[in-house]
Amino acid sequence: MKTKRNTKLLLRMFHLFALVSCVSTSEDFNWTKNEKTSFYFGTFPTGFSWGVGSSAYQTEGAWNVDGKGVSIWDVFAHKKGKISSNETGDLSCEGYYKFKDDINLMKDMKLNHYRFSISWPRILPSGSKSEYINEKGIKYYDDLINMLLENRITPVITLYHWDLPQVLQEKYGGWQNISMVNYFNDFANLCFERFGNKVKYWITFNNPWSVAVEGYETGEHAPGLKLRGTGAYKTAHHIIKAHAKVWHTYDMKWRSKQKGLIGISLTADWGEPVDVSNQKDIEAAERYIQFYLGWFAAPVFNGDYPQVMKEYIGRKSGQQGLGASRLPVFLPQEKSYIKGTVDFLGLGHYTTRYVTQKNYPSGLGDSYFADRDLAELVDPRWPDPGSEWLYSVPWGFRRLLNFVKSQYGNPMIYVTENGVSEKMLCTDLCDDWRMQYFKDYINEMLKAIKAGVNVKGYTAWSLLDSFEWDEGFSERFGLYFVDFRNKNKPRYPKASVLYYKRIISSNGFPNQRELESWKRKATETCSSSNQLLAADPLIGHMEMVTEIVIPTVCTLCILLSAVFFLFLLRRCL
Ligand code: BGC
C-alpha cells in the first residue's frame, strides 16, 4: 500500500519514463480504461454489505484512561521526530467518548457493517491474559458492539491494527519473537470468549505487510526498527503463524457455538507491467504482487511462500555469503497447519504502480525492496489528490480482484479498506475527487463481481478523518471531516457522505442522470456545510474568549467591590 519517502524520489524520476512507456492495455480490459463510456451501470448482488472502517489507535484517543496500557504506537508517537509535526493519537477523534454519535452517523448512512479494531492494551494492559484483564476496556467494546447491533449494523472486528502492548515489545522484541504467537492467541481467545456470542466477523491482522516492512524494515512505523533484509521477513513469519493459530483456536473452540467467520485483511497495490509485451516487465510485475500480497496470501491459502520469493531471496542470500536464506522456512507440518486458514479474505486496496525489471546488485546491501529486482513507476496523469503514494487508478482494483480470484481459487472476499485522502490545507468539504474515486473504484469492483469474483462486501476507508500514522493529522481519509482544533472534535459531512449514501441506497449505479443528480445534491449540501465549518473557528475562538473574559470580568468585579468597600469605609470613619 504505502510506498514511502525512500521510494518517492524514485517514483518522481520515473514519471516521464512511465508517460512514454505506458502502453495500451490488452483487449479484454478495454472497458476498464477510465473513460466515461466504460462506466458500468448496474446493481450489486442482493445482500451485498456496505460499510465504513476505522482503527483503535487512529480514532479512539483516551490513550491513558480507564486502565488502558501503553501500546507501541503511544510510545513511538511520543518520541520527537517520528510523526509529522510531532502529533500523537492521544486524543485524536475522541472516538472512545463519542462512539454513540458516530454510530448515529453510520445509521444515517444506512450502513450494513462497521469495521473497527480492538486495542489490545486497552483490555490487556500488560499484553498478557494471565496478569490483568481491564474490565473497563471490555465494557467499552461491549457497549460499542451492543449499540451497533441495536442499530442493525454488523460489527466486523480486527484484532490487530498495529497497537501491540508496549510491554511485549520491551520484554521480547515484539513480532521479532515467536512468543508473540501465544500472547496473541490468548488475547484473541479472550475476545472470542467475551464478544464472540455477538460478533460474527473476525479479522486477525490488518495489513501485516505494513507491520513487517514499515515497523521492522524501514522503521517509519512503530516500533521503528530498521532491521533491513531480515526484520520484515521474520516479523511476517511470526504473524502468519499467529494468524493460523488463532484461526485454529476459533475453529476448534468457538466456531460451533458462535457460528462466525474469521479471516485476515491483506493490503496490496496492483502492479502492472510497464510494457505488456515485454516478458521481463511481466515477470517483474508478477514479483511485485507476489512480494506484496502473495507473501501472506500464498501461505494462508496454499501453505507456503510464493516460489518466486523463495528463489529471489534464497539466491541473493547465497550471493551475500549467508548460509541460509533470509526468508524463513516453514516446516512440513507447519505448512499443512497454515494452509486453508481463511474463511474469507479481507482485501485493502488504494493504488497502482507500473513495474519494470531492475537489477539490484547484492553488494549494495540487502533489503526487502532490493530483493524484488524491480522499479516502480507512475503515470503523471493519474490524479493524486492527497497522500503522495496514492494515485487514483480504478482499473488496477479490478485487476487485483481478478488476480485473487484466479490465484487463490475464487475465495470469498470482503473489501476491508478502500479510499482516498486529502492534504490538510484543503479543508473543503466539497470533495469532488473523493466522490470520483469512490464512484470509479466501486464501479470496477462491480465489473469484477459481474465477471465472477466473489466479493461480498465493501468497506470505505474511513468513517472519520483520523490519526494517519507517521503523517499525523496532515492526511485526511475521512468521509466526515473532524475539526481537531476544536476540543469537542465536531464531525462535518463531506460531499462524499451523501454520494456514498446514494450508492448504498441504490445498491449500485442506476443510470447517468441519477448519478449526476447525486453529485449535484451532494455539492449543494457540502456548500452549506462549508459555511458551518467556516464559522467553526469563530465559535472555537469565542470559547477561548469566554475563557479569558469570564475570569477577567470576575477579577474586575472583585477589584471594584474592594474599591467600593474602601470608599464606604473611609466615609464611615
Ligand atoms: C491502514 C490504515 C491507513 C490506510 C491509509 C491502511 O493500510 O490499515 O490504518 O489509514 O492504510 O494509509
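**Close-up views of a predicted model**

**View 1. The annotated residue E417 and its setting.** In the unreviewed UniProt entry, the feature "active site" is placed at E417. The model shown in this and the following views is a predicted one. E417 belongs to strand β11, which covers residues 413-417, and because its relative accessibility is 5%, under the 20% limit, E417 counts as buried. Apart from neighbours within four places in sequence, the residues in contact with E417 are R115, H161, N206, T267, L347, G348, H349, Y350, T459 and W461. One of these, R115, has a side chain joined to that of E417 by a polar contact of 3.1 Å.

**View 2. Strand β8 and its two pairing partners, β6 and β11.** Strand β8, made of residues 345-348, is covered on both faces, with buried L345 and L347 on one side and buried G346 and G348 on the other. Strand β6 (residues 261-267) runs parallel to β8 and is joined to it by 4 bridges, and within this pairing I264 stands opposite L345. Strand β11 also pairs with β8 in the parallel sense, over 4 bridges, and here G348 of β8 stands opposite E417 of β11. The residue that carries the UniProt "active site" annotation, E417, therefore lies in a strand, β11, and is itself buried at 5% relative accessibility. Two residues of β8, L347 and G348, are among the contacts of E417, as is T267.

**View 3. The disulfide between C430 and C526.** A search of the whole structure yields 1 disulfide, which joins C430 to C526 with an S to S distance of 2.1 Å. The link is right-handed, with 105 degrees about the S-S bond. It connects distant parts of the chain, 96 residues apart, since C430 sits in the loop between β12 (422-423) and α16 (432-450), while C526 sits in helix α18 (residues 512-572). Both partners fall under the 20% limit for burial, so C430 counts as buried at 12% relative accessibility and C526 counts as buried at 2%.

**View 4. Two further cysteines, C93 and C191.** C93 has a relative accessible area of 0% and is therefore buried. C191 likewise counts as buried, because its relative accessibility is 0%. The disulfide of the structure joins C430 to C526.

**View 5. E475 in strand β14.** E475 lies in strand β14, which spans residues 475-476, and its relative accessible area of 4% means that E475 is buried. The side chains of E475 and S387 are joined by a polar contact of 2.6 Å. Leaving out residues up to four places away in sequence, E475 touches S387, W389, S421, E422, K423, S466 and E468.

**View 6. The whole protein, as context for the close-ups.** The secondary structure comprises 18 helices and 17 strands. Of the 573 residues, 60% count as buried, and the protein exposes about 22,900 Å², of which carbon and sulfur atoms supply 58%. Among contacts with a separation of 6 or more, 78% are between residues 24 or more positions apart.

Note on methods
Residues are numbered from 1 along each chain as its sequence is written. This is a predicted model: local features need pLDDT of at least 70, side-chain atom pairs count only at pLDDT 80 or more; totals for chains, interfaces and linings use all residues. Side-chain values use heavy atoms; hydrogens and water are left out. UniProt positions are given in the numbering used here, feature names are shortened, and annotations may be inferred rather than shown by experiment. Buried means under 20% relative accessible area, exposed over 50%, partly exposed in between (1.4 Å probe, protein chains only). Contact means heavy atoms within 4.5 Å. A polar contact is a pair of N or O atoms within 3.5 Å; within protein, one must be able to donate a hydrogen and the other to accept it, and residues adjacent in sequence count only if both atoms are side-chain atoms. A disulfide is a pair of cysteine sulfur atoms within 2.5 Å. Two strands pair if DSSP finds at least two bridges between them. Accessible areas come from the Shrake-Rupley method with a 1.4 Å probe; for residues, only the protein chains shown count as cover.
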